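User: Please take a close look at one buried position and the secondary structure around it. A connected account is preferred, with the cut-offs stated.

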Amino acid sequence: MIIKKSPAEIEAMKEAGRISAKVLREVGARVQPGISTLELDRFAESLIRLEGGIPAFKGYGGFPGSICASLNDQIVHGIPSAEVILQEGDILSIDTGAIVDGWVGDNAWTYPVGVISAEKQRLLEITEKCMWAALDAARANNRLGDIGAAVQEIAEEAGYGIVREYVGHGIGRKMHEDPNVPNYGRRRTGVKLEAGMVLAIEPMINIGTHMTKQMPDGWLVVTADGSPSAHFEKMVAITEEGPLILTTEAGYTRPV
């Protein structure tokens, strides 16, 4: 069941979005060669709590971290570890979330570690472009397929694989609500988008195959062929005036 939010509830969700966005930016600014993903995780948790939030991921389904930290061919759900030390040329997907007054915020970004290859840089640029196109499609009276098609058209034109087993989602009092938001689809198909829906839109794009592999820890997901993967995510409310991005620090913005 899709749970639509009132204007007042969307307003209340903004603080969870603000904290999630601030923590993501601050953690991303600390991405550099030689730092461990556990150090980034500890910083993120302390900042979430300092800002008045609760880490949304910690303990969720038994997940042990306050962030997901996924490196190179790792797509999502990487567990922070003192043994994972960032190296020059890596790319790191960081997913952060905060709970404020029962509302959940959720966002992600993929960061370069030092100087990266042109191949990886293009992947980051294309995946971010996919995200913005999908956010722009999150408009009342569009269909869910319009969001997925916006991602698919850009990614496939670039020759990339689109992760299918893991998708975006509705969000609100729970981290994952209906509907699922795939990163592929056909325009003008699927659930009609209506004002009050709040979605976490999160393209996961691979340089190589779209196929994935679940690792033995039950959390980490990697590309089946070992190719690099990127992940970008923002939380957006659908309003009569257009898409309203909630995971932002400076006011609340709409895509161009």
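Analyst: **V31 and the neighbouring elements**

V31 counts as buried because its relative accessible area is 11% (buried is under 20%, exposed over 50%, partly exposed in between, with a 1.4 Å probe and protein chains only). The model is predicted, so local features require pLDDT of at least 70 and side-chain atom pairs pLDDT 80 or more, whereas totals for chains, interfaces and linings use all residues. Residues are numbered from 1 along each chain as its sequence is written, and side-chain values use heavy atoms, without hydrogens or water.

V31 belongs to the loop that joins α1 (7–29) to α2 (37–50); helices (H or I, at least four residues) and strands (E, at least two) are DSSP runs numbered from the N terminus. Leaving aside residues up to four places away in sequence, V31 touches L40, L86, L92, I94, Y111, P112 and V113, contact being heavy atoms within 4.5 Å. L92 lies 61 residues from V31 along the chain, yet their C-alpha atoms are 8.2 Å apart.

The helix before this loop, α1, lies across β9, β14 and β15, at about 165° to β14 (axes are fitted to C-alpha atoms, for helices over the stretch in contact, with angles from 0 to 180 degrees between N-to-C directions). Helix α4 (residues 144–157) also packs on the sheet, where α4 touches β8 and β9 and makes about 40° with β8.

That sheet is open, with five antiparallel strands ordered β8-β7-β9-β14-β15; pairing requires at least two DSSP bridges. β8 (177–181) and β15 (242–245) are the edges, each having a single partner strand, so one side of each lacks a neighbour in the sheet. Ignoring direction, neighbouring strands are turned by 30° on average. Within the sheet, β9 (residues 198–201) and β14 (residues 234–239) share four bridges, and I201 stands opposite K234 in β14.
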